[in-house]
Amino acid sequence: MVELDHTFETGKPADYNWEAILDLDRLIPCVEGGRVVERTSEDQAKAEIRVKMGAMSMTFVGTVSVAEQDDAAKRAVLRIKSRDSGGQGYANADVTFRLSDGGGDIHTAAQITGKAASMGEGVVHSVLDALIADFTTKLARI
Amino acid sequence: MAAVVGPDSGTLTVKTGKGGAAAKAGHNLVIEVTSWRGSFDDGSITLTADSGSLRVRSGSGGMSPLGDEEKAGIAQTIDEEVLKGGSIEFRSTRVERAGGTLAVEGDLELLGTTRPIAFDLTVDDGGRVTGRAIVKQTNWGIKPYSALFGTLKVADDVEVLIDAQLPTEGDRDG
């Protein structure tokens, strides 16, 4: 299990941030290489993320769902379950958003197996940290 | 009379390393320049290379071996995202011979930027020239290629190797 914490700023009111985060069609493309394959319900989508490594890439396909939603506290947990389309591995994560006026914070708890994990937990941590940091810069414009 | 060398009489090779937190995911590359021309004259050396002619020959390290498709993909990335069809030209400003060693100084133009560079060449009795130069990409304004959100980077220092056979006197260009 890899756990990471990040903050982000939108400069927008908490209500705006809350609505934006829960709109999976807007949120998922904020992950570099991420796209919605099919919006299956209001709180669930089939999605994929393609991670480029120079000429090579890994694609994870799966679901993103709103697992917990506390409107009053503006706290939501998004659950990601995905498989490496070209291998045996999977990448699952619970991403907890706590929103306030101006932005929010993100706690990520991820479990990754297979080829990606074979690089070692330190590498996985660094890459995820960089991926989420990039995600937060895109959230600033959501 | 200049002695001219090129792909028919030698190899011009580029070796790249890798860095960053996810360096394990990347490959050390051996890349061959397949279109180039070197000219050796008394006290003067020039070399030009076609930046679109780099081909990946092998890669070591990384999560999985490099296949032909990946090698072609990397060559395309080098062409389109790094070198972008830019110029590669070296012209010596000073060549000092000490036995079989030539201490060479000169100007290297890479993608429109010219900077001084120095390296040694060895010429054996049979006319075989070998040598190695280090090119620090950022000195020429080239941002080293990176992937995985910047956690995997090509090392700034790139090694360039030449191994060529000078033509015999009778074969030389005028």
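These exercises, each with a worked solution, concern a predicted model with chains A and B.

**Exercise 1. Describe the build of chain A: how many helices and strands are there, and in what order do they run?**

Step 1. Count the elements. Chain A has 3 helices and 7 strands.

Step 2. Read them from the N terminus. The order is β-α-α-β-β-β-β-β-β-α.

Step 3. Check the overall dimensions. The radius of gyration of chain A is 15 Å, and the globule rule gives 14 Å for 142 residues; the two are close, so chain A is as compact as a globular protein of that length. Along its principal axes, the C-alpha trace spans about 40 × 30 × 25 Å.

Step 4. Look at burial and contacts. Of the 142 residues in chain A, 32% are buried. Now take the contacts in chain A between residues at least 6 apart in sequence: 45% of these join residues at least 24 apart.

**Exercise 2. Find the buried residues of helix α1 of chain A, and explain why they line one face of the helix.**

Step 1. Locate the helix. α1(A) covers residues 14-22.

Step 2. List its buried residues. They are A:Asn17, A:Trp18 and A:Ile21.

Step 3. Look down the helix axis. The buried residues of α1(A) fall within an arc of 100°, so they line one face.

Step 4. Recall the general rule. An α-helix has 3.6 residues a turn, so residues three or four places apart point the same way.

Step 5. Name the packing partners. The buried residues of α1(A) pack against α2 (24-27), β5 (75-84), β6 (90-100) and β7 (103-112) of chain A.

**Exercise 3. Work out what α3(A) packs against, and what it gives to the largest nonpolar core.**

Step 1. Check the helix length. α3(A) has 19 residues and reaches 26 Å from its first C-alpha to its last. That is close to the 27 Å expected at 1.5 Å a residue.

Step 2. Pick out buried residues. Among them are A:Val123, A:Val127, A:Leu131 and A:Phe135.

Step 3. Find their partners within the chain. The buried residues of α3(A) pack against β1 (2-9) and β7 of chain A.

Step 4. Turn to the core. The largest nonpolar core has 73 residues, of which A:Val127, B:Ala22 and B:Leu148 touch the most other members. α3(A) gives the most to this core, with 8 residues.

Step 5. Follow one residue. Leaving aside neighbours within four places in sequence, A:Val127 is in contact with B:Ala22, B:Leu148, B:Phe149 and B:Thr151.

**Exercise 4. Describe the contact between the chains, and say which element gives the largest share of the chain A side.**

Step 1. Count both sides. Chain A gives 17 residues and chain B gives 16 residues.

Step 2. Find the elements on the chain A side. Those giving two or more residues are β3 (44-53) and α3 (121-139).

Step 3. Find the largest share. It comes from α3(A), with 6 residues.

Step 4. Sort the chain A side by type. It divides into 9 nonpolar, 4 polar and 4 charged residues.

**Exercise 5. Place B:Lys84 and B:Leu111, and decide for each: exposed or partly exposed?**

Step 1. Read phi. For B:Lys84 it is near 50°, a positive value in a residue other than glycine. For B:Leu111 phi is also near 50°.

Step 2. Place each residue. B:Lys84 lies in the loop between α1 (68-83) and β8 (88-98) of chain B. B:Leu111 lies in the loop between β9 (101-110) and β10 (113-123) of chain B.

Step 3. Apply the cut-off. A residue with 12 or fewer other C-beta atoms within 10 Å is exposed. B:Lys84 has 12, so it counts as exposed. B:Leu111 has 15, so it is partly exposed.

Definitions and conventions
Residues numbered from 1 in each chain as written. Chains lettered and ligands numbered in written order. Predicted model: local features only at pLDDT ≥ 70, side-chain atom pairs only at ≥ 80, totals over all residues. Contact = placed C-beta atoms within 7 Å. Helix = DSSP H or I, 4+ residues; strand = E, 2+ residues; numbered from the N terminus. Nonpolar A, V, L, I, M, F, W, Y, C, P; charged D, E, K, R; others polar. Buried ≥ 20, exposed ≤ 12 C-beta atoms within 10 Å, placed from the backbone. Arc of directions from axis to C-beta. Core = buried A, V, L, I, M, F, W, Y, C linked by C-beta atoms within 7 Å. Rg over C-alpha atoms; globule rule 2.2 N^0.38 Å. Expected span 1.5 Å × (residues − 1).
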